[in-house]
Amino acid sequence: MSLHVTGMIWARPTSDLDVQEGPAFQPDFINRITRLHEEAGFDRVLAGYWTNAADGFLVVAQAATAVRKLNFLLAHRPGFVSPTLAARKLATLDHLTGGRLALHVISGGEDIDQRKDGDHEGHEARYRRTDEFLDILRRIWTAKGPIDHSGEFYRFEQAFSDIRPVQKPYLPIFFGGASDIALRVAARHADVYALFGEPLAETRTMLDRVRAASQADHVPAFSWSNRPIIAATEKQAWEKAHEYRRRAVAKLEANGTQGLIAAGQAVNSQRLVALSQRGEVLDERLWTAMAGVLGGRGNSTALVGTAEQVARSLLRYRSLGVSHFILRGWDPLPDVAQYGWELIPLLRELAKAEDLGRVSVSLHTAAA
């Protein structure tokens, strides 16, 4: 099975542990964190979507000037840009990156957050809109002539795009969401289905749900997100984790937040907070405490241990069928460098050994 490792970039220094200062868009920082991911051996970086942050299209465009091999994953919320225009913007950005762009579709799990950008549709309607949006994107990218459309959310006449993605017939689509309607939309459109960092049993259940909702000829690959905390010894890793929690709580207090952040409306966030209430450590080293601090936002569980312990834990998810891992740190720049030196090479080495072992067993069984 293939193995893909994705990191994360921002338009400025960002941390859940410390109050950050400085301009909201810092090109030098974008270049630095992007280059660091390429040097660390990541396959791809995700540029996220926040209602208060710099535009992800332009963050990726800036980042693409800094590296030659690294791929990009752009988070995008349907509903704010017409799909006909989005198709042209995404195709243009795919050309700017040299065919290294994928789209991470986020329908939006929080009504309050959606309203910040003027979206008053409810949860179910947002996923129906995403379904229609993605249908239109792919029609625009492959149409041989102008097309018309009249749907629930979009209506246009004689739309056509001269610019098409470098990747044919269209960009890879990553998709997330744990609700029933999210799974139905994912089954139709997702090339990669993205899961939050849940325990093995819950992950297996989600994979089974997605597979059951998918057609036999279109079962997506799976991505699993986590924020590993590694150190030279397991004891030091847990000490580091507990210090991170102390700093995160101190930051909330410095920002005027009394107590921990409550779980939001998004199903994934609620699931992570429920895990933190069930136990601080699950599956031996899946640490849930930060999910409780942050209200389940931001893929806030962590595998804690030495690089080898964390790598072997990740491979347990790979054995379930996960082939993509979105890994980002709590202290972004040092963590990216540490992952590159200690975790990613070991993860790839152990995965290769496992694959060779499976091939050997298969050949031995066939010979017998």
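The largest nonpolar core of this predicted model holds 90 residues, and Leu90, Leu137, Phe175 and Trp224 have the most contacts inside it. Helix 12 (residues 332–367) supplies the largest share of this core, 9 residues. Another core lies apart from it, with 18 residues, among them Ile229, Ala248, Ala289 and Met290.

**Confidence**

- The chain has a mean pLDDT of 92, and 95% of its residues reach 70 or more.
- Residues 361–368 have a pLDDT below 50, and this stretch has 0 contacts in the model beyond near neighbours in sequence.

**Helix 3**

- Helix 3 spans residues 83–96, 14 residues in total. From its first C-alpha to its last it reaches 19 Å, close to the 20 Å expected at 1.5 Å a residue.
- Its buried residues are Pro83, Thr84, Ala86, Ala87, Leu90, Ala91, Leu93 and Asp94. One of them, Leu90, is also listed among the residues with the most contacts inside the largest nonpolar core.
- The cover over the buried residues of helix 3 includes two helices, helix 2 (56–64) and helix 5 (123–142). It also includes strand 3 (71–76), strand 4 (101–105) and strand 6 (155–159).
- Gly98 follows helix 3 and has a positive phi, near 70°.

**Helix 7 and Leu200**

- Helix 7 (residues 200–213) has 14 residues and reaches 20 Å from first C-alpha to last, close to the 20 Å expected at 1.5 Å a residue.
- Leu200, Glu202, Thr203, Met206, Leu207 and Val210 are buried in helix 7. These residues lie on the same side of helix 7, because they cover an arc of only 165° around the axis.
- Among the elements that cover the buried residues of helix 7 are helix 6 (180–189), helix 9 (267–278) and helix 11 (307–318). Strand 8 (192–195), strand 9 (221–226) and strand 14 (322–327) are included as well.
- Leu200 belongs to helix 7. Its relative accessibility is 10%, so Leu200 counts as buried.
- Not counting residues up to four places away in sequence, Leu200 touches Asp283, Arg316, Tyr317 and Leu320.
- Leu200 and Leu320 are 120 residues apart along the chain, and their C-alpha atoms are separated by 8.2 Å.

**Four-strand sheet**

- An open sheet of 4 strands runs in the order 10-13-12-11, and its pairing is mixed.
- Strand 10 (229–230) and strand 11 (281–282) stand at the edges. Each has a single partner strand, so one side of each has no neighbour in the sheet.
- Strand 11 pairs with strand 12 (residues 286–287) in the antiparallel sense, over 2 bridges.
- Leu282 stands opposite Leu286, which is in strand 12.
- Strands of a sheet pair through backbone hydrogen bonds, in either a parallel or an antiparallel sense.

**Gln114**

- Gln114 is part of helix 4 (residues 111–115). With a relative accessibility of 1%, Gln114 counts as buried.
- Leaving aside neighbours within four places in sequence, Gln114 is in contact with three arginines, Arg77, Arg126 and Arg129. Its contacts also include Phe80, Ser107, Gly108 and Asp119.

**Backbone geometry**

- Most residues other than glycine have a negative phi, and most peptide bonds are trans.
- Gln158 is not a glycine, yet its phi is positive, about 55°. Gln158 sits in strand 6, and at 52% relative accessibility it counts as exposed.
- Glu284, also not a glycine, has a positive phi of about 80°. The residue is found in the loop between strand 11 and strand 12. Glu284 is exposed, with a relative accessible area of 55%.
- Lys168 and Pro169 are joined by a cis peptide bond, with omega about 0°. Pro169 lies in the loop between strand 6 and strand 7 (173–176).

Definitions and conventions: Residues are numbered from 1 along each chain as its sequence is written. This is a predicted model: local features need pLDDT of at least 70, side-chain atom pairs count only at pLDDT 80 or more; totals for chains, interfaces and linings use all residues. Side-chain values use heavy atoms; hydrogens and water are left out. pLDDT is the predictor's confidence in each residue, from 0 to 100. Contact means heavy atoms within 4.5 Å. Buried means under 20% relative accessible area, exposed over 50%, partly exposed in between (1.4 Å probe, protein chains only). A nonpolar core is a set of buried Ala, Val, Leu, Ile, Met, Phe, Trp, Tyr and Cys residues joined through side-chain atoms within 4.5 Å. Two strands pair if DSSP finds at least two bridges between them. The expected span of a helix is 1.5 Å times one less than its number of residues. The arc is that of the directions from the helix axis to the C-beta atoms.
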